[in-house]
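This report describes the sheets, the ligand surroundings and some backbone features of one protein. The sequence and the structure are shown first.

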Amino acid sequence: MCGIVGYIGNRKANEVLIPSLKRLEYRGYDSAGIALANNTTCQIIKSVGKIINLEKKLNKKDLDSYHLGIAHTRWATHGAVTEVNAHPQQYGKITIVHNGIIENVDNIKEKLQRENIKFKSETDTEVIAVLLNKYLESNFIKTINKVMNLLKGSFALGIINQDEANKLYIVKKSSPVVIGVGDNENFFASDISAINYFTNKFIFLDDNEIAEITQEKIVVYNGCNIISKNVNTINTDINDYDKKGYPHFMLKEINEQPQILKNTLTKYLNDIKLLPDLTSYQELHIVACGSAMYAGMIGKQLFEQQAHIKTYVEVASEYRYQEQLYNEKTLVIVISQSGETADTIAALRKAKKQKQDTLAIVNVKNSTIARDADNCLYTEAFEEIAVATTKAYTLQVALLSLLSLKLAYDKGYITDLDKYLKDFRQLPNYLKKVIAQDQKYQEIAKVIYKSKDVFFIGRKIDYAICLEGSLKLKEISYIHSEAYQAGELKHGTISLIDKGTPVFAIITDQSIADKTMSNLIETTSRGANGYLITTESLKTGFAQEIIVKDATNFVQPLLVIPILQLIAYYTACLKKCDVDKPKNLAKSVTVE
Ligand code: M6R
């Protein structure tokens with residue numbers, strides 16, 4: 001989704017803004033732009049497509065005299081992908097960049113049009129610029145407050161007011177923005193990773209706060225009142241954005257999984273008490289979006305089967321609007337790689353408002369969800385650049401699995417804890433072996449990449465794994481794919497099975513192995529090209545069979561995941577798709 005950055009200081013502003021903007025590329029975007037201001041002018045340069053296109057335009061200009069600016073990567077919401085719709089948007093003395101969505105834009109625009117205001121773009125952002133210009137007064141904080149009160153929706157804004165060209169203003173409501181505090185220079189950005197190579201001191205704005213930033217000073221307001229904010233010193237990993245010889249970040253990230261599993265899990269395997277005690281809860285609500293929600297589906301199976309605790313999994317975008325029946329013994333677990341997913345944040349806030357205990361499983365340190373939840377477990381997968389999540393998802397599953405093991409042990413359902421911990425210790429080695437069978441997955445990709453539809457079938461925990469396998473394939477290869485509970489096929493979907501349709505059956509759970517196997521045979525009898533992914537002890541001799549090592553229930557699902565990731569990866573490569581940045585997708589979904 002959109003990314004914003006800003007700079008004020010002694011450096012050449014474009015030399016700060018462009019590298020910072022590039023560090024937000026992973027979020028997904030379709031156009032980019034920059035505004036550079038001094039006392040006399042505010043130059044805006046924009047381009048459609050990658051930042052490199054913008055850089056080509058910048059290279060033709062002399063921009064050395066600009067030491068203040070704002071920049072933006074746009075993921076189109078209001079209006080097509082055009083230069084006119086790209087940000088910054090300017091009206092009169094106001095130039096702004098915006099991440100978020102203004103929900104009442106039509107109403108406001110209509111009124112303004114009746115006042116004969118002509119809009120150049122189709123964006124909701126231009127409307128904000130018009131309002132700020134319309135209500136401009138010498139106390140700009142008053143102006144901003146007035147306009148904020150007129151807007152419904154979410155926004156992180158970076159603003160230049162030409163009357164005060166030695167200042168930047170930022171505003172936050174429900175979209176992320178962080179201020180980087182420098183030495184005689186200051187920064188802002190959608191996330192820390194864009195500016196953490198300039199500073200390790202950050203101020204996090206809360207909703208409805210406004211910051212007035214000069215080279216020397218940062219003043220934060222709530223309404224028109226000055227408030228004091230903590231400056232946090234945070235030493236983060238600086239991502240070198242190096243593919244380390246891999247053709248894509250996604251492949252690099254898949255291959256990193258054994259090592260990061262080891263890094264993240266070791267401390268818990270050495271002392272499981274470091275994980276939170278969940279014994280006081282009667283039920284769990286796991287809330288997340290996309291792959292994170294599918295990780296939650298695996299978690300549900302393990303929590304219910306192994307720790308005998310009722311677990312509900314819900315998509316955050318539904319959860320936030322639905323009536324929730326909590327009791328005082330409900331724990332709400334939110335899962336998010338980015339920690340900035342708008343719907344998941346809203347679900348977390350709803351749970352907190354209702355005074356529920358909350359636990360977050362998050363990858364990005366100091367992200368909104370990590371800061372807001374009562375308790376946070378980090379997946380510690382380092383930065384994930386490919387839009388399609390792989391390593392963060394695997395870590396989410398691993399942490400949920402370990403949490404369910406601890407709960408099962410604490411409740412006395414499991415006594416031989418060491419046996420299970422030992423299996424987790426072996427997990428990185430098991431995974432290395434699964435990943436090493438790369439050639440096999442490439443062969444499968446060669447067969448399926450021309451398919452129109454691909455199906456994944458499984459039951460219970462295997463179905464939960466199928467959901468992620470199917471999402472991975474469709475999001476990066478654009479092949480239509482669906483995951484089905486194997487027993488449901490006969491109730492409609494089997495009519496879609498044609499000669500050669502790939503059907504992947506996952507069977508790791510012995511209790512339903514025969515059932516799913518029959519369902520796979522039902523599809524191959526109708527011409528499907530069936531693949532069976534199963535375990536050593538459940539192998540059947542099926543013609544196209546991928547076998548993973550036998551492991552405990554807690555570890556077993558984790559051995560199948562890389563197979564599905566790699567099949568999706570190689571299929572997308574054969575289709576010549578933009579693997580790391582699939583079309584229309586954003587890494588961090590910061591709007592509803
Ligand atoms: O950052 P989050 O984990 O909250 O993101 C949730 C989903 O948007 C994300 O998992 C998405 O489904 C992935 N791109 C799938 O690969």
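In what order do the 7 strands of the antiparallel open sheet follow one another? The order is S5-S6-S7-S8-S12-S13-S14, and the sheet is an open one with antiparallel pairing. The edges are taken by S5 and strand S14 (225–227); each has a single partner strand, so one side of each is left without a neighbour in the sheet. On average, and with direction ignored, neighbouring strands here are turned by 25° against each other. The model under discussion is a predicted one.

At one edge of this sheet, S5 pairs with strand S6 (residues 94–102) in the antiparallel sense, over 3 bridges. Glutamine 90 has threonine 95 in S6 as its bridge partner. Helix H5 (residues 140–150) lies across S6, strand S7 (153–161), strand S8 (168–173), strand S12 (209–213) and strand S13 (218–222). The direction of H5 makes about 30° with S8.

**Backbone features**

Most residues other than glycine have a negative phi, and most peptide bonds are trans. Two places in the model depart from these habits. The peptide bond that joins histidine 87 and proline 88 is cis, with omega at about 0°. Proline 88 belongs to the loop between strand S4 (68–74) and strand S5 (89–91). Asparagine 184, although not a glycine, has a positive phi of about 60°. Its place is the loop between strand S9 (178–181) and strand S10 (186–189).

**The parallel sheet**

A further open sheet consists of 5 strands in the order S17-S16-S18-S19-S20, with parallel pairing. Strand S17 (310–315) and strand S20 (375–378) each have a single partner strand and stand at the edges, so one side of each is left without a neighbour in the sheet. From one strand to the next, the twist averages 20°.

Strand S16 (residues 283–288) pairs with S17 in the parallel sense, and the pairing extends over 6 bridges. Within this pair, histidine 285 stands opposite tyrosine 312 of S17. Two helices pack on the sheet. Helix H8 (residues 290–307) touches S16, S17 and strand S18 (330–336), and its direction makes about 170° with that of S17. Helix H12 (residues 391–410) touches S16, S18, strand S19 (357–362) and S20; the angle between the directions of H12 and S19 is about 140°.

**Ligand surroundings**

Which residues come nearest to the ligand, of the 14 around it? They are Ser336, Gln337, Ser338, Thr341 and Glu475. The table lists contacts made with oxygen atoms of the ligand.

| Residue | Protein atom | Distance to a ligand oxygen atom |
|---|---|---|
| Glutamine 337 | backbone N or O atom | 2.6 Å |
| Serine 338 | polar side-chain atom | 2.7 Å |
| Lysine 472 | side-chain N or O atom | 2.9 Å |

Glutamine 337 thus appears with its backbone, whereas serine 338 and lysine 472 appear with their side chains. Taken alone, the ligand exposes 410 Å², and 90% of that is buried by the protein.

**Domain arrangement**

The protein is divided into domain 1 (3–236), domain 2 (244–435) and domain 3 (437–579). The centres of domain 1 and domain 3, taken over C-alpha atoms, are separated by 45 Å.

Conventions
Residues numbered from 1 in each chain as written. Predicted model: local features only at pLDDT ≥ 70, side-chain atom pairs only at ≥ 80, totals over all residues. Heavy atoms only, no water. Pairing = 2+ DSSP bridges. Helix = DSSP H or I, 4+ residues; strand = E, 2+ residues; numbered from the N terminus. Axes fitted to C-alpha atoms, helices over the stretch in contact; angles between N-to-C directions. Contact = heavy atoms within 4.5 Å. Near = heavy atom within 4 Å. Polar contact = N/O pair within 3.5 Å; in protein donor to acceptor, adjacent residues only side chain to side chain. Areas by Shrake-Rupley, 256 points an atom, 1.4 Å probe, with all protein chains shown as cover. Domains from an automatic or database assignment.
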